[in-house]
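User: Please go through the structure below and justify each structural label against its criterion.

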Amino acid sequence: MLLLHGFPEFWYSWRHQLREFKSEFRVVALDLRGYGETDAPSQREHYKFENLITDIKDILDSLGYSKCVLIGHDWGGMIAWLIAIFYPEMVIKLIVINFPHPNVFTEYILRNPSQLIRSSYYYFFQMPWFPEFMFTINDCKALKHLFTSQSTGIGRKGCRLTAEDLEAYIYVFSQPGALTGPINHFRNIFSCLPLKHHEVITPTLLLWGERDAFMEAEMAEVTRIYVKNHFRLTILSEASHWLQQDQPDIVNKLIWTFLKEETRKRE
């Protein structure tokens, strides 16, 4: 089971799932390229989608496996979708948390004003050095706000970050140069997003926090048309964008149910 985190996160975002699924799986939570202690080349061209996908393929090979259960959240969800699209033989089952099929995201960010506003930080991240500066000034105040505020934070009615949890995030992203790699992921997005129709033939579970401050919930429903196999969508009404940390017990139960289901390809 490979777990791919989002932005601005790292492997620790999956702490609840690492404990939960180790009884039946070899569970590996990665730091994506440029995050934490992984290699972090400074040039933005090293963060194109083809490189990010190759990273996951190489890691799976190095672990001695040809296929996996693949779970991705946020930006890690985007990468998970792309792996399922281009290398379906690698993915036994696909689980994505709070990120729609890439085509749906592309269409909404270009045509839907409300989603354009929610995704405005994608445009902000195109600037050199300034986004990194804004995240780190005042003892990472912007990062703390992202995870703890009423509008964007974790756990309105779920599990909140403890002081120790928040300190772990601040420690990782306050290291010199720690934000350049993560933000470079976004600096390639407008030239790399797939715009052609790409279907998914892998059984797919899409989990969605309805109170997501960054993604329109309508995109979750539209994603259904791109999955040409068993597709299950569950929207949690009181959950935030950070679903696997916000509602870990519910998320884990839903994942177990999906993994144990016998699935047949949709005709």
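Analyst: The largest nonpolar core has 65 residues, and those with the most contacts inside it are Leu70, Trp75, Leu94, Phe105 and Tyr122. Helix α3 gives the most to this core, with nine residues. Another core lies apart from it, of 20 residues, including Ile71 and Leu243. This is a predicted model, in which local features need pLDDT of at least 70 and side-chain atom pairs count only at pLDDT 80 or more, whereas totals for chains, interfaces and linings use all residues. Residues are numbered from 1 along each chain as its sequence is written, and side-chain values use heavy atoms, with hydrogens and water left out.

User: What makes a set of residues a nonpolar core?

Analyst: The term denotes buried Ala, Val, Leu, Ile, Met, Phe, Trp, Tyr and Cys residues joined through side-chain atoms within 4.5 Å. Buried means under 20% relative accessible area, exposed means over 50%, and partly exposed lies in between (1.4 Å probe, protein chains only).

User: How do you know that the span of helix α3 agrees with its number of residues?

Analyst: Helices are DSSP runs of H or I with at least four residues, and strands are runs of E with at least two, numbered from the N terminus. The expected span is 1.5 Å times one less than the number of residues. For the twelve residues of α3 (residues 75–86) this gives 16 Å, and the end C-alpha atoms are 17 Å apart, so the two agree. The helix is mostly covered, with eleven of its twelve residues buried; among them are Trp75, Met78 and Trp81.

User: Why is the contact between Arg118 and Glu216 called a salt bridge?

Analyst: The label requires a side-chain nitrogen of Lys or Arg within 4 Å of a carboxyl oxygen of Asp or Glu. The closest N and O atoms of Arg118 and Glu216 are 3.4 Å apart, so the pair qualifies. It links distant parts of the chain, with Arg118 in helix α5 and Glu216 in the loop between β5 and α11, 98 residues apart. The structure holds nine salt bridges.

User: Why is Glu216 called buried, and what is Arg118 called?

Analyst: Glu216 has 17% relative accessibility and therefore counts as buried. Arg118 has a relative accessible area of 28%, so it is partly exposed.

User: How many disulfides are there, and what is the criterion?

Analyst: A disulfide is a pair of cysteine sulfur atoms within 2.5 Å. By this rule the count comes to zero. As for cysteine accessibility, Cys140 is buried at 3%, while Cys159 is partly exposed at 37%.
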